[in-house]
Every structure is written in C-alpha cells, then in structure tokens.
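Here's a quick tour of a few spots worth finding in this model. Have a look at the structure first, then read on.

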Number of protein chains: 4
Amino acid sequence: SKYEYVKNFEQDDRLLPNTWLVLRVDGRAFHKFSPAHKFCKPNDVRALNLMNAAAIACMKEFSDIVLAYGESDEFSFVFRKETKLFQRRNSKIVTAVVSYFTAVYVMEWNKHMLIKAPPKSQVQVLLDKNKTSSSPSLEPGTHNKPKDNTIDNPDQQAQDDGDPAPLLYPPQFDGRIVCYPSLQNLRDYLTWRQVDCHINNLYNTTFWSLILLGGLTETEAEEKLKTTLSKDKNEILFSGFSINYNLEPAMFRKGSTIIRKPVEKTITKMSPKR
Amino acid sequence: SKYEYVKNFEQDDRLLPNTWLVLRVDGRAFHKFSPAHKFCKPNDVRALNLMNAAAIACMKEFSDIVLAYGESDEFSFVFRKETKLFQRRNSKIVTAVVSYFTAVYVMEWNKHMLIKAPPKSQVQVLLDKNKTSSSPSLEPGTHNKPKDNTIDNPDQQAQDDGDPAPLLYPPQFDGRIVCYPSLQNLRDYLTWRQVDCHINNLYNTTFWSLILLGGLTETEAEEKLKTTLSKDKNEILFSGFSINYNLEPAMFRKGSTIIRKPVEKTITKMSPKR
Amino acid sequence: SKYEYVKNFEQDDRLLPNTWLVLRVDGRAFHKFSPAHKFCKPNDVRALNLMNAAAIACMKEFSDIVLAYGESDEFSFVFRKETKLFQRRNSKIVTAVVSYFTAVYVMEWNKHMLIKAPPKSQVQVLLDKNKTSSSPSLEPGTHNKPKDNTIDNPDQQAQDDGDPAPLLYPPQFDGRIVCYPSLQNLRDYLTWRQVDCHINNLYNTTFWSLILLGGLTETEAEEKLKTTLSKDKNEILFSGFSINYNLEPAMFRKGSTIIRKPVEKTITKMSPKR
Amino acid sequence: SKYEYVKNFEQDDRLLPNTWLVLRVDGRAFHKFSPAHKFCKPNDVRALNLMNAAAIACMKEFSDIVLAYGESDEFSFVFRKETKLFQRRNSKIVTAVVSYFTAVYVMEWNKHMLIKAPPKSQVQVLLDKNKTSSSPSLEPGTHNKPKDNTIDNPDQQAQDDGDPAPLLYPPQFDGRIVCYPSLQNLRDYLTWRQVDCHINNLYNTTFWSLILLGGLTETEAEEKLKTTLSKDKNEILFSGFSINYNLEPAMFRKGSTIIRKPVEKTITKMSPKR
Ligand SMILES: Nc1nc2c(ncn2[C@H]2C[C@H](O)[C@@H](COP(=O)(O)OP(=O)(O)OP(=O)(O)O)O2)c(=O)[nH]1
Ligand SMILES: Nc1nc2c(ncn2[C@H]2C[C@H](O)[C@@H](COP(=O)(O)OP(=O)(O)OP(=O)(O)O)O2)c(=O)[nH]1
Ligand SMILES: Nc1nc2c(ncn2[C@H]2C[C@H](O)[C@@H](COP(=O)(O)OP(=O)(O)OP(=O)(O)O)O2)c(=O)[nH]1
Ligand SMILES: Nc1nc2c(ncn2[C@H]2C[C@H](O)[C@@H](COP(=O)(O)OP(=O)(O)OP(=O)(O)O)O2)c(=O)[nH]1
Ligand SMILES: O=P(O)(O)OP(=O)(O)OP(=O)(O)O
Ligand SMILES: O=P(O)(O)OP(=O)(O)OP(=O)(O)O
Ligand SMILES: O=P(O)(O)OP(=O)(O)OP(=O)(O)O
Ligand SMILES: O=P(O)(O)OP(=O)(O)OP(=O)(O)O
Ligand SMILES: [Mg+2]
Ligand SMILES: [Mg+2]
Ligand SMILES: [Mg+2]
Ligand SMILES: [Mg+2]
Ligand SMILES: [Mg+2]
Ligand SMILES: [Mg+2]
Ligand SMILES: [Mg+2]
Ligand SMILES: [Mg+2]
Ligand SMILES: [Mg+2]
Ligand SMILES: [Mg+2]
Ligand SMILES: [Mg+2]
Ligand SMILES: [Mg+2]
C-alpha cells in the first residue's frame with residue numbers, strides 16, 4: 001500500500017561481524033523490587049536460583065549463547081562471534097532475549113520463590129540463631145541497639161526476609177548488546193562483572209551484618225563503611241560478628257557461570273566452503 | 001578497576017530528538033504459539049484482550065506513551081515527541097517496554113485465557129450452530145468434505161479452539177523503535193498497521209470460513225484465495241456462508257486503539273524557561 | 001571472490017527520511033591557518049569570498065542544497081527534506097561535499113587570495129590611516145605601547161595582514177551531518193550559527209582594535225574583555241576608537257547566506273504517483 | 001544561548017575500540033574525470049603517482065595511519081587499532097582525511113600531471129612504436145580497422161592520452177570507514193582490494209589492447225571479453241599483441257602499498273599504567 005513507505009524509516013542496526021556479542025540484562029529498580037518481595041539480605045538464594053533458571057532457559061532457547069554470567073539482578077550472555085541470529089540485528093536480538101528472560105522469570109517465580117529461603121549467608125545463619133536464643137548476645141551496646149520504629153525495624157525486616165512471597169507486580173529488565181573484538185576484551189568484560197560482584201557482595205554482607213546483627217541503622221552502616229577498604233570490611237565481619245567472608249557461599253562471592261557443554265559431532269562435509 | 005575500560009565499547013544509541021518514537025512489539029512465531037494454545041480462529045477475543053491488557057499496563061507504567069495500537073500479535077506504542085525517557089536511549093526504552101509487556105502478558109495469562117472463548121466471529125457462531133445441529137448443512141460437496149485424519153481434522157480443531165489453555169511455554173516478543181519526524185508520517189504509520197489489520201483479517205476470516213465451515217483443506221483454501229481481491233473475499237463470505245464481513249466485531253476488523261486521556265492541570269509557572 | 005565477505009563489515013548509515021540534513025564544514029586549525037596566510041584581522045574579505053565561492057560551487061554541484069550559511073571558517077549546507085542523494089548515506093554525502101568544497105577552495109585560492117585585501121573593517125581602515133599619518137594619534141599611552149618584539153609585533157602584523165599570500169600547505173575541513181525534523185529546529189540551527197557569528201565577530205573586532213589600534217598585547221586584550229557584555233564591547237569600540245560596530249560590513253556582522261532561487265517549471269504529469 | 005539545544009541533535013558516531021579502522025577514499029565519477037584529463041590507458045603512471053603523493057601526505061599528516069594501499073582511483077588507509085584520533089569519531093576522521101587527500105591532489109596536480117606521460121604499459125609502448133612506424137603491422141584485419149569517426153577515434157584518443165592536462169574542474173572523492181576486528185579480516189580486506197586491482201587491470205589492459213592496438217570498438221572489445229577467464233585474457237594479450245602481462249609494471253598489476261617505517265624509540269617509563 002501507499003503507506004508502506006513508513007517502513008523505510010527503520011534503521012539498519014546490524015552489529016559488526018566477527019565480534020563477540022555480549023548481552024547484559026539487568027533488573028529495573030530492584031532496590032525496590034527486592035524488599036517488596038522479601039528478598040533475603042545480603043543475598044537471596046531463591047532469587048539467584050530464579051535468575052539462573054531464566055538464564056539457563058535462554059541458553060536452551062538461543063543456541064548461539066556459549067556462556068552466561070550472573071550476579072545480583074543481572075545476567076550477561078555471550079554469543080559466539082559467528083552468530084547470525086536475526087542477521088545480528090541489534091534490536092531483534094536484545095528484545096527477543098530480554099523478553100524470553102522476563103517470561104521465564106515470571107513463569108518460574110512461584111516454583112522458586114514460594115518457599116522459605118534457607119539461610120545461606122552467615123549473616124542469616126547468625127540472625128536465625130539469635131532470634132531463637134534467649135539472650136541477644138551479639139548486641140554490642142546501647143548506641144547500636146535496634147531502633148524501635150516501625151519504618152526501620154531490623155527485627156521485623158529479619159523476620160520477613162526470606163519468607164515466601166507471591167509476585168506482586170510485573171518485573172522489568174533492561175538489556176543492551178556490546179560488541180567485543182578480542183578474546184582479551186571478552187575476558188576483561190567478564191572479570192569486570194565478577195569484580196563488581198565481589199565488591200558489591202563484600203559491601204552488602206558487611207552492611208547488612210552491621211544492621212541486622214550489629215543493630216546499626218542504614219545511615220550509620222553507610223557512614224561506617226564509607227572509607228573502608230576490602231580488608232577493613234573483612235576485619236569488621238570477622239572481629240565484629242565472627243564471620244569469615246571466604247566461607248560465604250561461592251555463588252554469593254563469585255556469581256554464577258553457565259557454560260554450554262561442547263558436544264562431539266560427526267560432520268560429513270559435502271562441498272568445500274569457506 | 002582496570003577492567004572498566006570495557007564499558008567504553010558500549011555505543012551511544014540516543015534517538016533523534018523532536019521525533020515521535022514508535023515502538024512496535026510483535027509476538028515471535030505466533031503461527032505456532034496460537035494453535036499450541038488453542039487460539040480461536042480467525043480471532044481469539046481472549047488473546048486480543050490479553051494483548052490489550054498488557055498494552056494498557058505499559059501505558060500506565062510509561063507515562064510518555066500517548067497512544068497504542070494493536071492487532072493480531074503486535075502492539076505499537078507512540079511516545080510523545082518530547083519524551084526524555086532514558087535520555088531517549090534506544091536499547092533502554094525498547095527493552096524496558098518489551099520486558100514489561102511480556103511480564104504482564106505472562107502474569108495475566110490465566111485471568112484472560114483460562115476461560116472458554118465466547119464465539120465473536122460469525123465463523124465461530126456458525127460453527128457452534130452447525131456442531132449442535134444434526135445435519136451439517138454447510139458442507140458443500142464431497143470434494144470439500146473434511147478430511148478424516150487426526151492431524152488436520154477441522155472438526156476436532158473447531159472443538160479445541162477457544163478452550164481454556166494454560167500457558168505451555170514462555171512467549172517471546174520482539175521490539176523495535178522507529179523515529180517519525182512529522183505528524184503525517186505518524187498517521188501514515190498507524191494507517192499502515194490498520195490496513196495490515198484489515199487485509200489480514202479479511203483474508204483470515206475467509207480462509208477459516210472455507211476450512212471450518214466449507215470443509216476445504218488449508219492448501220485448498222490458500223489456492224482458492226490466491227488471486228482474490230477484497231470484494232471477492234467479501235463475496236465468498238456472503239454467498240458461501242451468509243457472513244457479512246462488516247458485521248464482524250470492530251476489534252477484529254480495525255484493531256484496538258488506546259489513547260491517554262488528556263487531563264486538566266493548573267500549572268503555576270515559577271520562572272520563565274524555554 | 002572469497003574475500004568479498006569483508007564488504008559486509010560496512011555499516012548502513014542512511015539518515016532518517018523526511019528530515020532536513022544540515023551539513024556543516026569547518027576549517028581545521030584555522031587559528032593557525034589564518035595567520036600563516038596573512039588573513040586580515042578581524043576579518044579577511046578575500047578569505048570570506050573564497051569560502052563563499054566554494055559554497056556556491058557546492059550548491060551548483062549538489063542540487064538538493066537549498067540554502068547555505070557561512071561565517072568565519074565554516075559553512076552550513078541545508079539539504080531539502082526529500083533529498084535522495086546517495087540514498088541519504090551519511091558518509092557518502094558528507095565526504096562528497098567536504099571533498100568538493102576543499103577542491104574548490106584550493107583551486108580558487110589564487111584567484112581570491114593573491115591580491116591585497118581592501119580594508120573593509122573600520123579597524124583596518126583606521127590602521128591604514130594611522131600608518132600613513134605622521135603622528136600615531138591613537139596610541140593612548142606608554143603602558144599600551146606596541147611591544148617591540150619580533151614575535152608579537154602588531155605593526156609588523158598589521159603590515160603583513162591582507163598581503164597577497166600563496167597557499168602554503170593543504171587546508172583541511174571537517175564535516176558532519178545533523179538531521180532536523182522540524183522547520184523550527186532548522187531555523188533555530190541557523191539562528192544558532194548566526195548568533196555565534198555575531199558574538200565572535202563583536203569580540204574579535206574589539207579584541208583586534210585593542211591590539212592593533214590600542215597597542216595592547218593579546219593577553220592584555222583578552223583580560224580586558226573577559227567580563228564584558230555586548231554593550232561594553234560596543235562602548236569600548238566607540239569611545240576608544242570611534243568605531244560604530246553597526247557600520248561594520250554586514251557580511252562580517254551577519255555572515256553570508258546563499259539561497260537557491262526557485263525557478264518556474266512546467267511539469268506535465270504523466271502518471272499519478274504519490 | 002537558547003538556540004544551542006540544536007547541537008544535541010548531533011549523533012555520537014564513535015567507532016568500536018580495539019578494531020582496525022580502514023578508510024577508503026575513491027574518486028567520484030572517474031570514468032569521466034580520467035578521459036577528460038587525458039589519462040593514459042589502461043594506466044596513467046602520472047595519475048597513480050599523484051594518488052600516491054596524496055596518500056603519502058595523508059600518512060605524514062595522520063600519524064596513526066600505519067599502511068595505505070592504492071589502485072585505480074582509490075586509496076585505503078589502515079589506522080592502528082588503538083587510534084584515538086578525534087576520539088574515533090567517524091565523521092571527523094573520514095572528512096579530515098578525505099579533505100586533506102583532496103587538497104593535496106589538487107595542489108600537486110600541476111607537478112605530476114603537466115608533463116607528457118612516459119609509456120609504461122606495453123600497450124602504450126607498442127602504440128607509440130606503431131604511430132612512428134610506416135606500416136601498421138598489428139592491424140589484424142579489415143573488420144577490426146579503427147572506425148573513422150570523430151567521436152570514437154582511437155588514433156586521436158591515443159594521441160591525446162598522456163598529454164599534459166591542466167585541472168579542468170574540481171575532483172571529488174568519497175570516503176568511508178570500516179572497522180575490522182581481526183588481523184585476518186584486515187588481511188582479507190587488503191587482499192580483496194588487490195584482487196580487485198588485478199582483475200580490473202588485466203581486463204583493462206586487454207580491453208585497451210583490443211581497441212588501441214587491435215582496432216576494435218569499445219562495444220566489440222566488451223563483447224569479446226565477456227566470457228573470458230584470466231588465462232584467456234593473458235592469451236589474447238600474448239598471441240594477439242605479443243604482450244606478456246607479467247611484464248606489465250608491478251604498480252599497475254599489484255597497486256601501491258605504503259608502509260610506515262617503525263622507528264626505534266627509547267621510552268623511559270615513568271609510572272606503570274595499563
Ligand atoms: N536483598 C537482596 N537484594 C538484592 C539481591 N539481588 C539484587 N538485589 C538488589 C540490590 C540492589 O539494590 C539491586 C541491584 O542493583 P542495581 O544497580 O541493578 O539497581 P536497581 O536495579 O535498583 O536500578 P537499575 O534500574 O538497575 O538502574 O537489587 C538479593 O539477592 N537480595
Ligand atoms: N488463531 C489465531 N491466530 C492468531 C491470532 N492472533 C495472531 N495469530 C497468529 C496468526 C499469525 O500466524 C501470527 C502473527 O503473524 P506474524 O506475522 O507476527 O508471524 P509470527 O508471529 O508467526 O512470526 P514472527 O516471529 O512475528 O516473524 O499469529 C488470533 O487471535 N487467533
Ligand atoms: N584573521 C582572521 N582569522 C579568521 C578569519 N576567519 C576565521 N579565522 C580564524 C579565527 C579562529 O581562530 C578560527 C576559526 O575558529 P575555529 O573554532 O573553527 O577553530 P580552529 O579552526 O582553529 O579549530 P578547529 O579545528 O575548527 O577545532 O579561524 C578571518 O577572516 N580572519
Ligand atoms: N585511463 C585511465 N582511467 C583510470 C585510471 N585510473 C582510474 N581510471 C578510471 C577507470 C574507471 O572508469 C574509474 C574508476 O572506477 P570506479 O569504479 O571508481 O568508477 P567511477 O569513479 O567512475 O564511479 P564512482 O563515483 O566511484 O562510483 O577511473 C587510469 O590510470 N587511467
Ligand atoms: O545501571 P548502573 O548504574 O549499574 O550502570 P549502567 O547499567 O552502566 O547504567 P545504565 O543502566 O544507565 O546504562
Ligand atoms: O515480521 P514480519 O515479516 O511481519 O515483518 P517485519 O516485522 O517488518 O520483519 P522483521 O521482524 O524481520 O523486522
Ligand atoms: O569545534 P568547536 O569547538 O567550535 O565545536 P564543535 O565543532 O561543536 O566541536 P567538534 O568539532 O569537536 O565537534
Ligand atoms: O563504487 P563501487 O560500485 O565500486 O562499489 P562501492 O564503492 O562498494 O559502492 P558505493 O560507492 O555505492 O558504496
Ligand atoms: Mg543499568
Ligand atoms: Mg538493576
Ligand atoms: Mg544490577
Ligand atoms: Mg516481524
Ligand atoms: Mg509475530
Ligand atoms: Mg505479527
Ligand atoms: Mg569543530
Ligand atoms: Mg575551524
Ligand atoms: Mg570554526
Ligand atoms: Mg564506490
Ligand atoms: Mg571512483
Ligand atoms: Mg574506484
């Protein structure tokens with residue numbers, strides 16, 4: 001029809017050939033989504049498992065993904081350099097994967113989240129112990145006492161966190177694709193994300209220890225951690241709460257890596273092609 | 001860290017200012033998804049309502065969408081020219097909307113689809129009548145008789161279509177954004193989609209009439225319609241099955257348009273700004 | 001051949017249809033090129049005429065340019081919204097125009113520059129008068145006396161500026177294309193450039209008056225002008241040197257605008273086309 | 001000013017880091033420019049030298065170009081992978097180089113072109129010999145005799161070609177940049193251009209032999225060569241005109257490669273940086 005000309009306004013967005021395509025999805029506003037759904041602090045093993053399940057489903061659906069790396073509310077998918085998926089059209093690839101990831105996340109929510117989260121972080125383990133013990137032995141002093149207001153009551157928080165929670169509203173993930181020309185760049189990308197995981201997780205573990213176990217307010221905890229280095233945080237955890245950060249679950253400390261297993265295939269070459 | 005340099009490989013994909021952004025989402029491989037989920041033919045009012053529900057949710061979530069138009073497995077969202085959403089970053093906008101759309105589609109599936117679809121198309125109405133009547137009056141002749149195999153048994157198909165169906169696997173939507181500089185271009189875009197709706201719906205209505213009511217095979221129906229114009233299809237419907245195409249539900253013939261209601265607001269201007 | 005695959009690495013860079021394409025060329029490092037070629041200060045009418053000549057040649061060569069606006073070392077070309085030049089491919093258009101502009105600039109150099117520049121700015125007129133007059137009446141005082149060093153000798157400079165100068169090394173112009181969706185945007189673009197012309201020209205006229213006529217060093221002139229507004233500069237010119245800025249040549253104050261004359265054409269329409 | 005907003009309409013066009021940037025310039029409509037300027041057939045050594053001179057100037061001006069390859073009316077420039085020239089902004093790089101190339105081409109025209117071209121191709125050598133010899137020994141037969149019309153008179157053409165010719169109108173070069181991620185891609189690119197050079201040059205040498213030495217018209221020559229392979233062309237050259245293609249000058253057969261010489265530098269590293 002005479003209206004079809006509007007299709008010409010679409011831009012061709014094919015990505016550079018012979019580069020690794022790295023697609024990262026990241027939950028939108030999960031600083032609100034996590035507490036709204038009673039995610040355990042500092043890490044919710046159910047939520048991470050749900051992310052992993054969505055990522056595995058994507059790898060099954062999109063066979064050109066060779067590796068996926070996830071942490072917190074994000075997942076990175078590495079497509080093999082030669083991928084011809086959707087002719088390497090940026091919008092098509094990124095939306096198809098984000099859409100599929102979201103669909104699985106929602107569909108598998110109940111399976112993963114409608115259970116009580118088992119305490120995996122030492123923070124949670126100690127918190128559980130404290131709650132059942134008669135004397136709150138780890139409460140260091142008056143100035144650190146949990147403030148007794150309804151808005152910021154760590155005890156209440158601690159009780160709720162990890163409780164089964166139905167999906168209250170639609171989650172949202174953004175996505176982007178970045179091209180990496182060399183294997184070194186790709187490795188550096190993955191290291192970048194894993195360093196991010198480590199930094200954030202060490203911070204969060206210390207932050208929530210100070211609050212949930214130490215009775216600090218969020219503002220106080222933030223203040224205390226402001227100028228600390230990694231070793232200081234390790235020290236706070238150990239001397240303050242007898243938490244050995246290195247004993248935290250590997251998935252929390254290092255994130256999740258999913259690799260496609262190479263399979264043996266017998267190929268009968270028909271005609272010589274380049 | 002020294003790995004952060006990889007972030008510089010991200011391309012800036014901000015869209016041209018002062019243009020309407022039209023984002024179209026479209027179900028992936030719905031030629032398989034629809035029959036797998038027993039969508040009514042030629043149109044499933046429940047499925048369309050579900051699409052509309054997802055679109056309305058998107059309009060509520062993204063306040064810069066001023067209009068949405070949907071048909072079949074697609075929806076187009078028009079963002080106002082001035083939108084600053086995500087600084088007009090292409091990937092961010094398209095993935096956020098597609099992700100949200102998908103999430104709502106999945107979350108609201110049961111509410112919309114776990115019911116028996118009411119017959120809305122005259123094709124379905126007649127089919128229901130035929131099934132309960134003793135003599136299949138509309139079967140024109142032997143050569144058109146429904147083939148009695150399980151794979152392509154229209155009677156069976158007709159029974160299943162519209163039955164409540166749980167979500168069997170994660171749906172997937174692609175998305176793209178196109179910039180339109182002028183109001184005329186925008187109007188032509190919407191007309192383009194509506195013409196597409198009309199053409200496809202007239203075709204599908206005739207196609208499925210020939211099969212479900214006329215007993216033709218899909219190949220036969222396709223063959224018969226190959227060279228027909230609109231008026232021929234209207235004629236086939238009317239003389240063959242007493243179906244007046246213009247009496248088909250407007251939503252089927254014209255698609256669904258959702259408009260944001262303008263609200264009155266009193267703005268007290270503080271300082272003159274351009 | 002088997003090597004042709006490398007052509008697929010080219011990106012499609014077609015520009016959004018139905019937008020005005022504005023291509024701006026700008027001389028590279030003309031803060032060095034101008035003095036090296038003894039451009040008159042603050043404006044060299046020969047150099048501007050050469051720019052105009054190159055721009056006119058471009059308009060003759062590229063018939064879809066409807067308007068050009070030039071000032072200083074830059075020229076902006078406006079292509080009509082409907083242009084199909086090189087299928088609107090960005091690189092092709094921008095390089096073709098920049099290349100042609102450069103070629104004409106070099107080819108016509110001698111014709112325009114191998115003459116003594118006539119004094120057009122009042123600064124030059126006064127300077128010429130002073131040089132021939134016996135007593136340097138405008139030398140305000142000792143502290144403002146022209147410094148007697150070879151590097152920054154205004155008198156010498158004043159003598160050289162405007163002298164015929166052969167092209168010493170290849171000039172270079174950069175170029176870029178910007179899409180503008182609305183006529184208002186296009187107008188604002190042109191106003192933006194013209195405001196830039198005005199601001200710079202008023203500054204330069206005052207700056208060089210202070211140096212060439214007032215005997216200040218460049219540093220002193222810069223310092224004196226640092227906090228001044230437009231009216232202050234007008235005042236300095238008028239009270240200091242009896243220069244009425246509004247009497248400066250229009251081409252200096254407002255830049256050069258070249259418009260393609262619309263011609264009457266009788267078109268015999270053959271077939272109705274949209 | 002309030003008009004500056006129009007600057008935001010510029011798109012960020014930075015090219016992917018860590019890839020070789022290959023910039024190819026190509027003369028526009030040189031099928032007309034060459035005969036208009038009496039370029040020798042099949043190759044004009046002066047014109048090629050002029051191209052080479054422009055390319056060398058570019059390599060001197062843009063220090064990140066590591067290699068250049070030229071043939072016919074085109075030149076490819078390879079920028080090192082790490083180049084930060086203009087922050088890798090596509091438009092800036094491509095226009096600067098094209099502009100500079102054009103400027104040098106025009107400026108050095110007279111130096112290279114205002115001489116009589118020495119016969120370098122065997123086609124020209126033989127043609128010169130024939131013209132001075134009394135009997136045209138290489139004229140194969142009546143049907144191949146040079147047609148005696150003014151429009152397409154090979155003899156006249158042959159006389160003019162290679163004569164000193166002033167620059168009649170401004171030349172024009174287009175340019176484009178392509179990113180190549182791997183060394184293999186880069187090598188394949190260069191091979192692609194060199195294969196193009198070989199194919200075209202063998203064709204042109206045979207084509208012009210048939211016309212200039214064999215007396216065929218252009219149409220006849222085209223017809224004769226239509227289905228020929230490389231070896232057929234070699235055969236035509238050798239048996240028809242005693243031309244051994246492999247003895248054609250290397251610059252004609254293989255193009256021109258310019259490499260930046262690596263220099264030894266002592267770098268005293270001050271601080272460890274990545
Ligand atoms: N409690 C808890 N919170 C988590 C967990 N995983 C992620 N989160 C939260 C912590 C962060 O607030 C947030 C992820 O940080 P982001 O930088 O992605 O920020 P956010 O998603 O809020 O904003 P964005 O839309 O991505 O810019 O999600 C978890 O396992 N447990
Ligand atoms: N039975 C039935 N089918 C529908 C309905 N709405 C959409 N469909 C089907 C008809 C088409 O096969 C399909 C939409 O056509 P598309 O051009 O989008 O193709 P499809 O989604 O298969 O492929 P794609 O991934 O979009 O390229 O969805 C409906 O209400 N009822
Ligand atoms: N004396 C004199 N100088 C002029 C004239 N026209 C332009 N210029 C000089 C003044 C400025 O230094 C320069 C133009 O400013 P730009 O902002 O384009 O800077 P420039 O070309 O040096 O650097 P760029 O490579 O464009 O970033 O050219 C003229 O007529 N007379
Ligand atoms: N006689 C002669 N012609 C040459 C020489 N070098 C290049 N040419 C001509 C032969 C071709 O017609 C033309 C180069 O071919 P192109 O594919 O670049 O075509 P052209 O420049 O005409 O069109 P374009 O604007 O690049 O699409 O230049 C030469 O040394 N001698
Ligand atoms: O979202 P952030 O702040 O973690 O960092 P980013 O994802 O690089 O930023 P953006 O989502 O705005 O691209
Ligand atoms: O998907 P189609 O075939 O209806 O048409 P399209 O959406 O324009 O094609 P694509 O999805 O490949 O962009
Ligand atoms: O060159 P400038 O500084 O006058 O400003 P610009 O042209 O917008 O900057 P750039 O040439 O770097 O695009
Ligand atoms: O110009 P051609 O035909 O030799 O081939 P190309 O340079 O790849 O084509 P274009 O100049 O249109 O990009
Ligand atoms: Mg983010
Ligand atoms: Mg997030
Ligand atoms: Mg995150
Ligand atoms: Mg599609
Ligand atoms: Mg679809
Ligand atoms: Mg569709
Ligand atoms: Mg600039
Ligand atoms: Mg400049
Ligand atoms: Mg300038
Ligand atoms: Mg070309
Ligand atoms: Mg060419
Ligand atoms: Mg060429």
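## A lysine in a loop

Lys38(A) sits in the loop between α1 and α2 of chain A; helices here are DSSP runs (H or I, at least four residues), strands are runs of E with at least two, and numbering starts from the N terminus. Lys38(A) isn't a glycine, yet its phi is positive, at about 55°. Its relative accessibility is 29%, so Lys38(A) counts as partly exposed (buried means under 20% relative accessible area, exposed over 50%, partly exposed in between, with a 1.4 Å probe and protein chains only).

That loop, between α1 (30-36) and α2 (45-61), also holds Pro42(A). A cis peptide bond, with omega about 0°, links Lys41(A) to Pro42(A).

## How to read the model

This is a predicted model: local features need pLDDT of at least 70 and side-chain atom pairs 80 or more, while totals for chains, interfaces and linings use all residues. Residues are numbered from 1 along each chain as its sequence is written, chains are lettered from A and ligands numbered from 1 in the order written, and side-chain values use heavy atoms, leaving out hydrogens and water.

## A magnesium site in chain C

Which residues hold the protein donors of the magnesium ion (ligand 16)? They're Asp26(C) (OD), Gly27(C) (O) and Asp73(C) (OD), 2.0 to 2.1 Å from the ion. Donors are N, O and S atoms within 2.8 Å of the metal (3.2 Å for Na, K and Ca); water is not among the atoms, so sites may look incomplete.

The six donor atoms around this magnesium ion (ligand 16) subtend angles of 83 to 178°, which makes the arrangement octahedral (for six donors: opposite ones over 155 degrees apart, all others between 65 and 115). Gly27(C), in strand β1 (residues 20-27), and Asp73(C), in the loop between β2 (65-71) and β3, are 46 residues apart in chain C. Both Gly27(C) and Asp73(C) are buried.

Key:
Four donors count as tetrahedral if all angles lie between 85 and 135 degrees; four count as square planar and six as octahedral if opposite donors are over 155 degrees apart and all others between 65 and 115; anything else is irregular.
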